[in-house]
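Student: Could you walk me through this chain and its surface? I would like to learn by asking a few questions.

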Amino acid sequence: MQMDDALSLVTNVGFPAGLCFILLRHILHTMEEKLDKLDFSLHELIQVIQDLNDNNSSSSKSSKPDE
């Protein structure tokens, strides 16, 4: 949002409403970035857990004696 857009918003709807809109937009943008980072971290964690499970299952299969 450019300064001209913010000024136009304030003059059209009033200072309190304009400020609330600007702050809400900032908060939503910040939360979106944090949620994207959290989503990326969860996908990495899932991948690491799957890799560990795959390694454990393959090592347990090779260590079992043949019957």
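Student: Which residues gather in a patch of negative charge on the surface?

Tutor: Happy to help, and keep in mind that this is a predicted model. Asp and Glu count as negative, so those are the names to look for. The patch on the surface brings together Glu 32, Glu 33, Asp 36 and Asp 39.

Student: Does Glu 32 count as buried, partly exposed or exposed, and why?

Tutor: Let's place Glu 32 first: look for this residue in helix α2. Buried means under 20% relative accessible area and exposed means over 50%, with partly exposed in between. Because Glu 32 has 47% relative accessibility, the residue counts as partly exposed.

Student: What about Phe 15: buried or exposed?

Tutor: Good one to try next! Phe 15 is found in helix α2, which covers residues 15-63. The cut-off for exposed is over 50%. Phe 15 has 53% relative accessibility, so the residue counts as exposed.

Student: About how many Å² does the nonpolar surface patch with Phe 15 have?

Tutor: Phe 15 shares this patch with other nonpolar residues, among them Leu 19, Ile 27, Met 31 and Ile 49. Together, the residues of the patch make a surface of about 950 Å².

Student: And what share of the chain do buried residues make up?

Tutor: The chain has two helices and zero strands. Of its 67 residues, the buried share is 4%.

Technical notes. Residues are numbered from 1 along each chain as its sequence is written. This is a predicted model: local features need pLDDT of at least 70, side-chain atom pairs count only at pLDDT 80 or more; totals for chains, interfaces and linings use all residues. Side-chain values use heavy atoms; hydrogens and water are left out. Patches are made of residues with over 30% relative accessible area and no salt bridge: like charges are joined within 9 Å, nonpolar side chains (Val, Leu, Ile, Met, Phe, Trp, Tyr) within 5 Å. Accessible areas come from the Shrake-Rupley method with a 1.4 Å probe; for residues, only the protein chains shown count as cover. A salt bridge is a side-chain nitrogen of Lys or Arg within 4 Å of a carboxyl oxygen of Asp or Glu. Helices (H or I, at least four residues) and strands (E, at least two) are DSSP runs, numbered from the N terminus. Buried means under 20% relative accessible area, exposed over 50%, partly exposed in between (1.4 Å probe, protein chains only). The place of a charge is taken as NZ of Lys, CZ of Arg, CG of Asp or CD of Glu.
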